Amino acid sequence: MASFNLTPSDPSTFILMGIPGLEAAHIWISIPFSMFYIIGLLGNVTVLYVVGKEQSLHKPMYLLICMLALTDISASTFVVPKALCIFWFNLKDITVGGCLTQMFFLHASSVMHSAVLVTMALDRYVAICSPLRYTKILTNARIAKLGLVGLIRAVLLILPETLLLIRQPFCANRIIPNTHCEHGAVAKMSCGDITANRTYGLITAFVVIGFDLMLIALSYGLIIRAVLRISSKKAHQKALNTCTAHICVILTSYTPALFSSLTHRFGQGITPHIHIILANLYFLIPPLLNPIIYGVKTKELRDKLGKYTCKM
């Protein structure tokens with residue numbers, strides 16, 4: 001409990017508390033944290049290696065899988081190593097600059113992750129609704145350009161959020177009850193007016209989650225309409241099977257984020273450590289499951305992964 005009464009001796013630092021209320025269990029909590037992170041990292045690096053080595057996998061769908069793997073690696077790497085330093089070595093200090101940098105890259109990678117999911121939905125729509133024109137519409141170069149647009153959008157959306165916080169004066173009590181720096185927690189450390197920060201944060205959340213989910217829902221609405229027009233049941237099944245992996249990835253990506261957001265806004269009776277654990281699961285579960293989902297559900301990738309596994 002003494003840790004809660006400490007304030008940073010250096011005015012340019014924050015203190016990340018880890019998971020308040022569960023300090024005694026930090027070592028035990030670090031075990032699944034580190035395991036999930038290492039397995040997810042190995043899985044995503046393996047996918048990147050196999051797709052990079054196999055010329056036959058240099059196709060739009062697999063380029064998108066690589067983009068997803070990169071965003072998964074980035075998001076978890078911006079959170080887990082610092083969290084483990086807190087759990088293992090009690091290294092709770094982080095500079096204001098380091099905190100804002102972590103926040104920027106963390107949120108930017110999440111926005112980029114969402115953009116990749118939207119592009120994957122477009123890929124599935126074209127593959128099912130215009131299969132004969134697929135190779136003309138979605139080339140590798142066009143996928144790369146869409147990825148670049150997603151990256152620019154992420155930077156342009158998150159940079160103002162970070163710049164607004166840089167201008168804020170921070171209070172003497174700089175204890176953040178979390179394992180990482182996220183916008184809401186850092187904004188609460190300010191002694192100034194954070195109305196602009198909160199408003200911009202809500203707008204960003206609406207643009208990213210609301211707009212992206214709307215585009216994904218529209219794509220799948222058109223896919224379902226196209227599938228229902230097919231008379232053959234076998235063709236029905238084949239068309240739907242091509243979407244299964246992407247739907248699973250959407251569920252693993254948005255479900256933890258949705259639960260975390262809902263409990264944060266409406267779960268006043270829920271203990272704080274539940275909020276923090278849910279927020280961390282958002283950065284642990286998708287990187288862990290996504291390589292498994294695509295490795296199992298995508299035959300061509302599964303065969304290539306099997307080939308390299310046998311060689312090893």
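Mentor: Ala, Val, Leu, Ile, Met, Phe, Trp, Tyr, Cys and Pro count as nonpolar, Asp, Glu, Lys and Arg as charged, and the others as polar. The model under discussion is predicted.

Trainee: How do the residues lining the second largest pocket divide under that scheme?

Mentor: The lining holds 10 nonpolar, 6 polar and 7 charged residues. The pocket itself encloses about 530 Å³ of space. Of its 23 lining residues, the closest to the centre are Met-61, Tyr-62, Arg-124, Thr-242 and Thr-298. Elements giving two or more residues to this lining include helix H2 (60-89), helix H3 (96-129) and helix H8 (233-266).

Trainee: What makes a space a cavity rather than a pocket?

Mentor: In a cavity a 1.4 Å probe fits but cannot get out, whereas a pocket is an open set. By this rule there are 2 cavities of 30 Å³ or more. The largest has a volume of about 90 Å³, and the second largest about 50 Å³.

Trainee: Which helix supplies the largest share of the lining of the largest cavity?

Mentor: H9 does, with 4 residues. H2 and H3, like H9, each supply at least two. Among the lining residues are Asp-72, His-113, Tyr-282 and Phe-283. The lining divides into 5 nonpolar, 5 polar and 1 charged.

Trainee: What distinguishes the lining of the second largest cavity?

Mentor: Its residues include Asn-44, Ile-65, Asp-72 and Tyr-294. Helix H1 (26-53), H2 and H9 each give two or more residues, and H2 gives the most, with 4 residues. The division here is 6 nonpolar, 2 polar and 1 charged.

Trainee: Why are strands E2 and E3 said to stand at the edges of the sheet?

Mentor: The open sheet has 3 strands in the order E2-E1-E3, with mixed pairing. Strand E2 (93-95) and strand E3 (175-176) each have a single partner strand, so one side of each is left without a neighbour in the sheet.

Trainee: How do you know that E1 and E3 are paired?

Mentor: Pairing requires at least two bridges. Strand E1 (residues 13-16) is joined to E3 by 2 bridges, and the two run parallel; the strands therefore meet the criterion. Leu-16 has Ile-176 in E3 as its bridge partner. H3 lies across E1, E2 and E3, at about 85 degrees to E2.

Trainee: Why is the protein chain described as being as compact as a globular protein of its length?

Mentor: The chain contains 10 helices and 3 strands. Its radius of gyration is 21 Å, close to the 20 Å that the globule rule gives for 312 residues, so the description applies. The C-alpha trace spans about 65 × 45 × 35 Å along its principal axes.

Note on methods: Residues numbered from 1 in each chain as written. Predicted model: local features only at pLDDT ≥ 70, side-chain atom pairs only at ≥ 80, totals over all residues. Heavy atoms only, no water. 1 Å grid on protein atoms, 1.4 Å probe; cavity = no way out; pocket = protein on both sides within 12 Å on 5 of 7 lines; lining within 4 Å. Points joined across faces, edges and corners; volume = space filled by probe spheres on them. Contact = heavy atoms within 4.5 Å. Axes fitted to C-alpha atoms, helices over the stretch in contact; angles between N-to-C directions. Rg over C-alpha atoms; globule rule 2.2 N^0.38 Å.
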